[in-house]
Amino acid sequence: MSKIYDVIVIGGGHAGCEAAVAAARRGADTLLFIIKIETIGRMSCNPAVGGLAKGHLVREVDALGGVIGQVIDRAGIHFRMLNRSKGPAVWAPRAQADRMRYHIEMRSVVEHQDNLEIKEALIEEILVENGNIKGVKTQYQQEYLGRTVILAPGTFLKGKIHVGLKNYSAGRAGEFSAENLTLSLITNGIKLARFKTGTPPRLDSRTLDFSKLQEQFPDEPPVKFSYYTDIKPKNYVSCFLTSTNSRTHKIIAENIEKSSLFSGNITGVGARYCPSIEDKIRKFPEKNKHQVFIEPEGIDTFEMYANGIPTSFPPDIQLRIVHSIKGLEKAKIMRFGYAIEYDCVPTEQINANLEMKNINGLFLAGQINGTSGYEEAAAQGIVAGINAVNKLKREPPIIFTRDQSYIGVLIDDLVTKGVDEPYRMFTARAEYRLHLRQDNADERLMPLGYKLGLISQERYDRFQRAIEIKNREIEKLKSINANIKSKKSYKMNDILRRPEVNFVGLTKFGYKIEDDVTSLIKEKVMLEVKYEGYIKRQLQEIEKFDYLEHKEIPPDFDYMNFHTISYEAREKLTKVKPISIGQAARIPGVTYADISALLIKLKSMYG
């Protein structure tokens, strides 16, 4: 094709949709390829968004101007804030989605986006010339030229589905895999690895005994994901909880060789933190039960997702496992679970802007980078879309740092530490998690989203007004005396610091809450006042971190000839090519002594 696109995106999952929309909103002439248009934004596994640390990522993508937050607010059917009983650093929004409605909403966003063209085709080859990306070739042997290409194929790279001892090629149940694209990547000098993930059986709700299941109610009012929009999410359903038992575990143990995971058929590495039920039983034999969450797939279907028992057992064993669980004794399976293995790219081959080191203009996002989860994919997608356009504009890349966002933690972990199993985000991975809360993602990232042209003026004005109100309330709390009988006078912020008092509770002490103080602002004020000392201390730590993070290392620095440091450190540094001393210090195998020597060397060379 004679036309040259600014950005070509391969894959219409969560990474591809965010990348394509971000690039198009920034004015790039963008082309999105997907194998089947009907699958744009399809939720391959659990129809849910958010959760521990993942909810933080969604809030951050939304603050940058991404789409996942608004889509789940429209398509959600059960909203909860997890970990309310714990500290605010680990509070996490989560929503169960109507699977069909979510896909329809995401497709609508993509189709209505200006500057974005959608085309149904299977990409079989990337076109590279002298180390520069030139475009892609489809299964019809059509060539499409692009100044940049974002590769976001999910589990479709040579995907293979396993059920028991049977297996077949597929990128997802009932869909083609991308067989030839893998060969094209290898031909162009890209090293690949093999990972594995899985999904549980889906059950017919009409055959479940809900009297034996523990009901989990949603939060009222629903906690939305997307800031400063007119979307009003609504709860429709409950979720339910049960667990495996000794009988379940006995069935699994007696039939373990029938699982494709233990038959030798699967070569890919599975996720440590989201293992199949047979893997859980093998790894944690001391546990006599594992939780199983029964979650609706939508409001117009009887299909239920059995979260907690992903498996690759043959159908007859899957049925026995399900029937051994309390409340599921007569359950009918509508879809059987399966394992899927696929090719991905070891991440020492990409830079912090998600561009390949050896192919100029080729960006990678999502599961191809060894991650798991819609949220991790969406985060990488918007970063790839932003940086592809920056490259077109000849502007410096946008590098997200660990002190700025969970997105920064995610990408830094990928490119600095690498992944030897599917990567999943946890709050424990973030050193500054009290600063990186889900409630302040807008303050940390929305100014950047606005600067990049991804946040509308109207929405940004709402954000600024909210921050003005928040600051006003914090100042009022410092100046107004509480109506309390005591020899000592207390300011309202002193009262709010008490563990048992929340912002609304201040009205008992004579505080008047203005009508313009929203629930989000109430939460922001409460958390900032209650944890003021801890937050200040963490910000001081971030200042120290910034010194090393902004101490740049020239990209052409010759580590192998720097004999003051260990040979292992030279090898690791040469492989990763860190952009700063801070990043270098996080590389496994690089010691404090190596970093000290490197700092001295850089000072002698550059002052």
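1. Is T207 buried or exposed? T207 counts as buried, because its relative accessibility is 18% and the cut-off for buried is under 20%. Please keep in mind as you read that this is a predicted model. To find T207, look in the loop that runs between β13 (202-204) and β14 (214-216).

2. Let us stay with T207 and look at its surroundings. A polar atom of the T207 side chain lies 2.7 Å from the backbone oxygen of D204. Leaving aside residues up to four places away in sequence, T207 touches K330, A331 and K332. Try showing these three residues together with T207 in your viewer.

3. Moving along to β14, we meet Q216, which sits in that strand. Q216 is buried, with a relative accessible area of 16%, and the reason it gets that label is that buried means under 20%. Which residues does Q216 touch, not counting those up to four places away in sequence? They are H78, R80, S238, C239, F240 and F293.

4. After β14 comes a detail that is easy to miss. The loop between β14 and β15 (239-243) holds P221. The peptide bond leading from E220 to P221 is cis, and its omega is near 0°. It is a good place to practise reading a backbone angle.

5. Now for a strand, β5, which covers residues 92-97. How many of its residues are buried? The count is 6 of 6, so this strand is mostly covered. A92, R94 and Q96 point one way from β5, while P93, A95 and A97 point the other way, and all of them are buried. As you turn the model, follow these two sets of side chains in β5.

6. What are the pairing partners of β5? Strand β3 (residues 48-50) pairs with β5 in the antiparallel sense, over 3 bridges. Within that pairing, G50 has R94 of β5 as its bridge partner. Strand β4 (residues 76-82) also pairs with β5 in the antiparallel sense, over 6 bridges. There, G76 stands opposite A97 of β5.

7. N46 brings us back to two residues of β5. N46 lies in the loop between β2 (30-34) and β3, and at 11% relative accessibility it counts as buried. Not counting residues up to four places away in sequence, N46 touches R94, Q96, E295, Y305, N307 and Y374. With Q96 there is also a polar contact of 3.2 Å between the two side chains. For a sense of scale, Q139 is 93 residues from N46 along the chain, and the C-alpha atoms of the two are separated by 30 Å.

8. Next, look at what follows β3. A53 is in the loop between β3 and α2. Its phi is near 70°, a positive value in a residue other than glycine. A53 is also buried, with a relative accessible area of 0%.

9. Helix α2 (residues 54-64) is mostly covered, with 11 of its 11 residues buried. Among these buried residues are K54, H56, R59, E60 and D62, along with L57, V58 and L64. In an α-helix there are 3.6 residues a turn, so residues three or four places apart point the same way. After α2 comes G65, whose phi is positive, near 105°.

10. R394 makes a useful comparison with A53. The phi of R394 is near 60°, again a positive value in a residue other than glycine. R394 is in the loop between α9 (374-392) and α10 (406-417). Here, though, the residue counts as exposed, because its relative accessibility is 79% and exposed means over 50%.

11. Finally, a pocket to explore. The second largest pocket holds about 1,000 Å³ of space. Of the 39 residues lining this pocket, T518, S519, L520, I521 and E523 are the closest to its centre. The elements that give two or more residues to the lining are α12 (457-479) and α14 (519-530). Which element gives the most to this lining? It is α14, with 8 residues. By class, the lining has 19 nonpolar, 5 polar and 15 charged residues.

Conventions
Residues numbered from 1 in each chain as written. Predicted model: local features only at pLDDT ≥ 70, side-chain atom pairs only at ≥ 80, totals over all residues. Heavy atoms only, no water. Helix = DSSP H or I, 4+ residues; strand = E, 2+ residues; numbered from the N terminus. Buried < 20%, exposed > 50% of the residue type's maximum accessible area, 1.4 Å probe, protein only. Polar contact = N/O pair within 3.5 Å; in protein donor to acceptor, adjacent residues only side chain to side chain. Contact = heavy atoms within 4.5 Å. Pairing = 2+ DSSP bridges. 1 Å grid on protein atoms, 1.4 Å probe; cavity = no way out; pocket = protein on both sides within 12 Å on 5 of 7 lines; lining within 4 Å. Points joined across faces, edges and corners; volume = space filled by probe spheres on them. Nonpolar A, V, L, I, M, F, W, Y, C, P; charged D, E, K, R; others polar.
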